[in-house]
Amino acid sequence: MADPAGDPAAMAQPRVLLTKEPAPQTVPASDLPMKVYEVALNTGTDSSSGLATAGFRTAKYLPTEWHLNNSELYHKAFAGCEQAEHGRAEAKELAGYAAAAAQRAQQDSTAAVGQRLQDIHFWKAELQRKIEDLDAETRLLAAQKLRLERALDATEVPYAIATDNLQCRERRQAPDLVCDEVERELLKEAELIRNIQELLKRTLMQASNQIRLNRDHKEFCEMDWSDKVETYNIDDKCGKYSNQSTNIQFHPSSVKFEESASTPETWAKFSHDNIYRAEREKLASINLRALIDNILHDTSEDMRKQCAAVNEAFAKHCEELDDTKHKLEYHLKKILKEIGYQEANIAALKQAIKDKEAPMKVAQARLYDRSFRPNVDLCRDEAQFRLISEVEELKESINSLKKKLLESEQTVRNLEDTRMNLEKEIAVKTNSIFIDRQKCMAYRTRYPGVVKLAGYQ
């Protein structure tokens, strides 16, 4: 028989603490009732029974048979004991081997569960890191989206200023109602702002979609992470089970593979794909943030540059209007002075014509009186010719003066028309200067700065 003290399988077998003595394995010996044998009478060789007992004698065993039978029983008993002892030894050895194999299997399973815990912890940590990265990136993108919304709102004031300037300049009077450089720059500014607004709206929609994708993939990673946490707790609980655990029991139906169970490769690929897609969306979000930053920087710079171009055009045009107005006022002063001169000239001409009336009367009176000379004294003498010549000269002088008077009066009328035109033109220029300088340029001082156009305020 094998020695239990020297058997390693028996040593590896865990000790079981007993609270009471083990139950006996055999039935205790007890006194059996003595068997009573009936002895046949008159059966000996010398008995007087005779032929009547002959049949009983033939049914008896011989002594040799009796001894042989006892020997066979002894042999069977010895063989049975030897076989039982050998079976006990084999059973003990098998029990020790089974205990060692069970312990090794349990240790291997515990090590496999521990390795599985490491794998789960690795993917759980990777998922958690990716969740934190996506959450931080989503917050940064949401801040950029807020900048876009502020920048889009900030474009309303410049667009209102540009449209108001265009509407105000429509109230200019002819001939100042022209498509000048200021109007062309204002139209360019309005078109630029409309294009920027469309670009910001498209970018804002793109940012909203990217935020949604970030949150969706973050949710996928969170669901995977939650499964990993639950699985980690389950495997950690399983790894702490031992033969002395009080919460273990038989579950025969659990020894099977679920039809929906994954393989280690598909399990790792699932988490890897989630992390890969999350990383891809994170990179897309980073690129979109950089794009938004560039767009806001470029749009704010373009709007301020166009605003400066419009202001420069306004300033230049106002200078031209001021110069033109000053020139018109200068010419108006000259016209007014010339009108005064012409009016004085007309008065002088009228006086000159009036002054010719007396000489004409004198000459014509002389001629008239001399026409009454009698007979031969009605002579065409030198005096007569001179008087007639004087009258003709006076008539020519008067006609010349009247013609000059008419010309002077026409000149005055022309000068008056020019004065009216100059005054009207000065009023038009004054109105244009008021619109461009007091209305438009004053309103343009409310144009937002680069910081607000970039969405920081």
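**Figure 1. Overview of the predicted model.** Of the protein's 457 residues, 27% count as buried. The model is predicted. The fold holds 9 helices and 0 strands. Read from the start of the sequence, the pattern runs α-α-α-α-α-α-α-α-α. The exposed surface comes to about 32,200 Å², with 57% of it supplied by carbon and sulfur atoms. Contacts reach far along the chain: among those between residues at least 6 apart in sequence, 89% join residues at least 24 apart.

**Figure 2. Gln210 and its surroundings in helix H5.** Helix H5 spans residues 181-239 and includes Gln210. Gln210 has 9% relative accessibility, so it counts as buried; the cut-off for buried is under 20%. Its side chain makes a polar contact of 3.0 Å with the side chain of Glu281. Setting aside neighbours within four places in sequence, Gln210 touches Leu141, Glu281, Ala284, Ser285 and Leu288. Glu281 thus appears both in this contact list and as the side-chain polar partner of Gln210.

**Figure 3. The aromatic pair Phe122 and Trp123.** The count of aromatic pairs is 2. In the pair shown here, the ring centres of Phe122 and Trp123 lie 5.2 Å apart. Their planes meet at 75°, so the arrangement is edge-to-face; planes over 60 degrees apart fall in that class. How accessible is Phe122, buried or partly exposed? At 43% relative accessibility, Phe122 counts as partly exposed. Trp123, at 15%, counts as buried.

**Figure 4. The aromatic pair Tyr368 and Phe372.** The rings of Tyr368 and Phe372 have centres 5.0 Å apart. Their planes stand at 80°, which makes this pair edge-to-face. Both Tyr368 and Phe372 are exposed.

**Figure 5. Lys124 over the ring of Tyr232.** Lys124 lies over the face of Tyr232. The distance to the ring centre is 5.6 Å. Tyr232 falls within the residue range of helix H5, 181-239.

**Figure 6. Arg147 over the ring of Tyr456.** Here the charge belongs to Arg147, which lies over the face of Tyr456. The distance from the ring centre is 4.0 Å.

Note on methods. Residues are numbered from 1 along each chain as its sequence is written. This is a predicted model: local features need pLDDT of at least 70, side-chain atom pairs count only at pLDDT 80 or more; totals for chains, interfaces and linings use all residues. Side-chain values use heavy atoms; hydrogens and water are left out. Helices (H or I, at least four residues) and strands (E, at least two) are DSSP runs, numbered from the N terminus. Buried means under 20% relative accessible area, exposed over 50%, partly exposed in between (1.4 Å probe, protein chains only). A polar contact is a pair of N or O atoms within 3.5 Å; within protein, one must be able to donate a hydrogen and the other to accept it, and residues adjacent in sequence count only if both atoms are side-chain atoms. Contact means heavy atoms within 4.5 Å. Rings of Phe, Tyr and Trp (its six-membered ring) pair if their centres lie within 6.5 Å; planes under 30 degrees apart count as stacked, over 60 as edge-to-face and the rest as tilted. A charge sits over a ring if NZ of Lys or CZ of Arg is within 6 Å of the ring centre and within 35 degrees of the ring normal. Accessible areas come from the Shrake-Rupley method with a 1.4 Å probe; for residues, only the protein chains shown count as cover.
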